[in-house]
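Me: I'm new to reading protein structures. Could you walk me through one, feature by feature?

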Amino acid sequence: MRIAIVDESAARASVIQEGLAALDDCEIFMVTERRGLVARIEQIAPDIVLMDLGNPSRDVLEEYFIVSRALARPIAMFVDESDEESIAASVEAGVSAYVVDGFAAHRIRPLLDLAVRRFNAFARLQSDLAEARGQLAEREAIDKAKRILMQSRKLTEPVAYAELRKAAMNQGRRIVDIAEALITAHGLMGGK
Amino acid sequence: MAQELTVGFLPLVDACLPILAREHGFAEAEGVSLTLVKDMSWATVLDRLLYGHSDAAHLVAPLAIATTLGRGRPAKPLAVPFVLGLNGNGITLRNDLADRVLPEGGLGHPAEVGARLAVVARERHDAGRTLRFGVVHRYSSHNYMLRYWLAACGVAPDRLVEITTVAPPFCADALEAGEVDAICVGEPWGSVAVERGVGRMVLATAQIWRRGVEKVLALREPVLEDRREPVEALIRALRRAGAHFVDPANWEANAAILARGEYLDGDATLIRRAISDRLLLARGGDEVHFADFMFQHREAANFPWVSQAEWLYTQMVRWDGLAFDAADAAKAARVFRPDVYRSALKGSGEPLPGASSKVEGSLEGPLAVTTQQGAITLSDNRFFDGAVFDPADLEGYIARQA
C-alpha cells in the first residue's frame with residue numbers, strides 16, 4: 001500500500017515515517033512542501049494520506065478529493081462511520097487520515113493506531129524538549145542573578161546563591177522568580 | 001458558577017463577535033466562561049466541533065448545511081442559532097486582469113465587470129490558459145456568491161473558468177505566484193494582497209447580494225440541546241459584542257484586539273479598514289467607503305432566517321449537481337434555528353422579527369417589518385441581477401437558475 005505523509009514539520013513526518021516503516025508491504029512518501037501539494041499527491045497516487053490535523057492545506061486537499069470522485073480511484077475522506085472510536089482517537093492525537101474509497105477496512109485500523117502512537121510520541125518529545133529548554137532558561141537567569149550579587153555586593157558564589165534562596169523562602173516564591181526580579185531591578189537601575 | 005464554552009475560529013475579521021464577547025467581558029457577564037481555539041483550516045474547525053474539542057464554531061454557513069446533509073463526509077446534524085455576520089468578502093484580481101475588466105479603478109458595477117470578464121474568460125479559455133479563481137472553501141458563501149455572479153454574467157463556472165480552494169492566509173501568495181488569477185476572500189486577507197501590490201479589489205460580495213449570509217455560529221445539534229442554557233447566554237453576549245463592534249468609538253481599540261497574536265495575528269490598520277467599511281482597493285490609492293461591506297449587527301443581522309439556509313441549499317443543489325430533494329431541503333432549513341435565537345433574547349431589549357423566513361432580494365428600500373418585540377426596519381437586500389428568492393418555491397428557483 002502507498003502511504004503519503006503530509007506534514008509541514010519535517011521532523012514529525014520523519015518520526016511517523018519511521019513508525020510506519022515497520023509495516024509490511026508499505027511504500028511511504030513524505031510531503032513537507034505546501035506548494036504544489038495537490039499535484040504531488042496526484043503523482044504519488046496514495047492509498048492513504050495521513051496529515052497533521054491542523055495543516056492549513058486540508059481544505060485544499062479535501063476539495064481535490066471531492067472533485068477526484070470523478071476519477072477512476074476516488075479518494076474518500078476517511079471517517080468511516082463504523083469506526084468512530086478510532087477516528088476520535090486520531091483527532092485527539094492530531095492526525096487526519098484520508099483513504100481511497102474501497103480500501104480494505106481491516107488494514108486501516110492498525111495503520112491508524114500506529115500513526116496515532118507516533119503522533120503522540122512526537123508530541124511527548126516536543127513537550128520534553130520545551131521543558132528542558134525552560135529549565136535551561138531558568139538556570140541561566142539564576143546564574144545571571146548570582147553574578148549581579150557577586151559583583152555589586154562582593155559576595156562569593158555560594159553566598160550569592162544562599163541569598164537568593166533565602167529571599168525565595170522568605171517570600172514564598174521560586175528562586176527563579178527572585179532571580180528574574182533581581183535582573184529586572186538591576187536593569188532598571190542602569191546595570192548591565 | 002460560570003459555565004464553560006469552547007468556540008473554534010479561523011483568523012478572520014468576522015470572528016470578531018466571539019472574540020469581543022470574551023475580551024470585553026460580555027460572555028462573563030452572562031455567566032459564560034469562553035475559551036477560543038484558533039485553527040488554520042475549516043476542516044480542522046469542523047473536526048474539533050464534531051469530535052468535541054469545541055462546543056461551537058465560527059463556520060462558513062454552507063459548510064454547516066453540507067455537514068448536516070453528509071456532503072463529502074458522513075452526515076452529522078448541526079444547528080445554527082446565530083448568524084455571526086453578513087458579507088465582508090472582496091473579490092481581488094491580479095493586476096493585469098483588473099486592468100482589463102475595470103481600467104477605471106474603484107469598485108466596479110458587478111454586471112459591467114462581469115460582462116468584460118466574460119470576454120477575457122473566453123479568450124483565456126480558448127488559448128488554453130483558463131482563468132482560475134480561488135475561494136476559501138467548496139462549501140463557503142464565497143464560492144456561492146462568486147458562482148452566482150459569474151453564472152449570471154455568462155461566465156460558466158467549471159466550464160469557462162476554474163474555481164479552486166485556497167486557504168485564506170495563503171490567498172495573497174497564490175495570487176502573487178500566479179496559481180490563481182483572482183481570489184474571493186474575507187478580510188483582512190484581500191487587503192493583504194492589495195497591500196503587497198499583487199492585485200486590485202474590484203468588487204465586494206455585498207454588491208452581489210446586499211444582505212448575503214456569511215459566517216454562522218454552529219453547534220452539533222445534541223450539544224445545543226444539552227447546553228441550551230449557556231448557548232442562550234452566549235447569544236445574548238454576542239449581541240452585546242455586536243453593538244460594541246459597530247460603534248465607531250470602539251473601532252480603533254477593537255482592531256487592536258483582533259490584530260493580536262492569539263487572534264488574527266495581523267495588521268490592525270487593515271482590520272480597522274474592514275470594520276469601518278473603508279477599503280483600500282489598490283496599493284497607493286485612497287481608501288474608499290463602501291457602506292455595509294461587513295454587516296454584523298443592524299436589522300437583526302444575527303437572526304438565523306430559515307430562508308437564508310434554504311437559499312444556500314439551492315446553491316448546493318446547483319453547484320454539486322444534485323437533484324432537488326424535498327427531504328434534504330427540509331433538513332437544510334432546520335439547520336437554522338430562529339426558535340433558539342428568540343428564546344435567548346425574549347424579554348430583552350433586542351428586536352425580534354415576527355416571521356422566521358422572508359423573501360430574499362425583494363427590498364429596494366427601507367421597510368419596517370412586523371416584530372415579536374422591538375422595531376426592525378430592513379433595507380435594500382437585492383441580488384445584483386434583480387432575481388428574487390421566494391422560499392415558498394425552491395424548485396422553481398432552482399429550475400430558473402439551471
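Me: Let's start small. Is Leu97(B) buried or exposed?

Reply: This is a predicted model, where local features need pLDDT of at least 70 and side-chain atom pairs count only at pLDDT 80 or more, while totals for chains, interfaces and linings use all residues. Residues are numbered from 1 along each chain as its sequence is written, and chains are lettered from A and ligands numbered from 1 in the order in which they are written. To judge burial, count C-beta atoms, placed from the backbone: a residue is buried if 20 or more others lie within 10 Å of its own, exposed if 12 or fewer, and partly exposed in between. Leu97(B) has 21 C-beta neighbours inside 10 Å, so it counts as buried.

Me: Which helix is Leu97(B) in, and which residues does Leu97(B) touch, leaving out those up to four places away in sequence?

Reply: Helices (H or I, at least four residues) and strands (E, at least two) are DSSP runs, numbered from the N terminus. Leu97(B) belongs to helix α5 of chain B, residues 95–101. Two residues are in contact if their C-beta atoms, placed from the backbone, lie within 7 Å. Leaving out residues up to four places away in sequence, Leu97(B) touches Val120(B), Asp181(B) and Ala182(B). Also, the C-alpha atoms of Leu97(B) and Arg200(B) are separated by 9.1 Å, though the two are 103 residues apart along the chain.

Me: Now zoom out. How many helices and strands does chain B have?

Reply: Chain B has 18 helices and 18 strands. Its C-alpha atoms fill a box of roughly 65 × 45 × 40 Å along the principal axes. Buried residues make up 55% of the 402 residues in chain B.

Me: What is the radius of gyration of chain B?

Reply: The radius of gyration is taken over C-alpha atoms, and the globule rule is 2.2 Å times the number of residues to the power 0.38. For 402 residues, a compact globule would come out near 21 Å; chain B has 20 Å, which agrees.

Me: How do I read a sheet? In what order do β8, β7, β9, β6 and β10 of chain B lie?

Reply: Strands of a sheet pair through backbone hydrogen bonds, either parallel or antiparallel. Two strands pair if DSSP finds at least two bridges between them. Here five strands of chain B form an open sheet, β8-β7-β9-β6-β10, with mixed pairing. The edges are β8 (162–165) and β10 (199–204) of chain B, each pairing on one side only. From one strand to the next, the twist averages 25°.

Me: How many bridges join β7(B) to β8(B)?

Reply: Four bridges join them, and the two strands run parallel. Phe133(B) has Ile163(B) as its bridge partner in β8(B). Ile163(B) is buried, with 22 other C-beta atoms within 10 Å. Beyond four places in sequence, the residues it touches include Phe133(B), Val135(B) and Leu146(B).

Me: Which helix lies across β6, β7, β8 and β9 of chain B?

Reply: For angles, axes are lines fitted to C-alpha atoms, for helices over the stretch in contact, and angles run from 0 to 180 degrees between N-to-C directions. Helix α7 (residues 141–152) of chain B lies across those strands, running at about 145° to β7(B).

Me: Where are the domains of chain B?

Reply: Domain bounds come from an automatic or database domain assignment. For chain B it gives domain 1 (3–85 + 213–266 + 295–342), domain 2 (89–208) and domain 3 (351–400). The C-alpha centres of domain 1 and domain 3 of chain B lie 21 Å apart. Between these two, 15 residues of domain 1 are in contact with 18 residues of domain 3. Helix α15(B) gives the most to the side of domain 1 that touches domain 3, with seven residues.

Me: How many residues of chain B are in contact with chain A?

Reply: 17 residues of chain B are in contact with 17 residues of chain A. Helix α3 (residues 42–50) of chain B supplies the largest share of chain B's side, four residues. By class, Ala, Val, Leu, Ile, Met, Phe, Trp, Tyr, Cys and Pro count as nonpolar, Asp, Glu, Lys and Arg as charged, and the others, Gly among them, as polar. Chain B's side divides into eight nonpolar, five polar and four charged residues.
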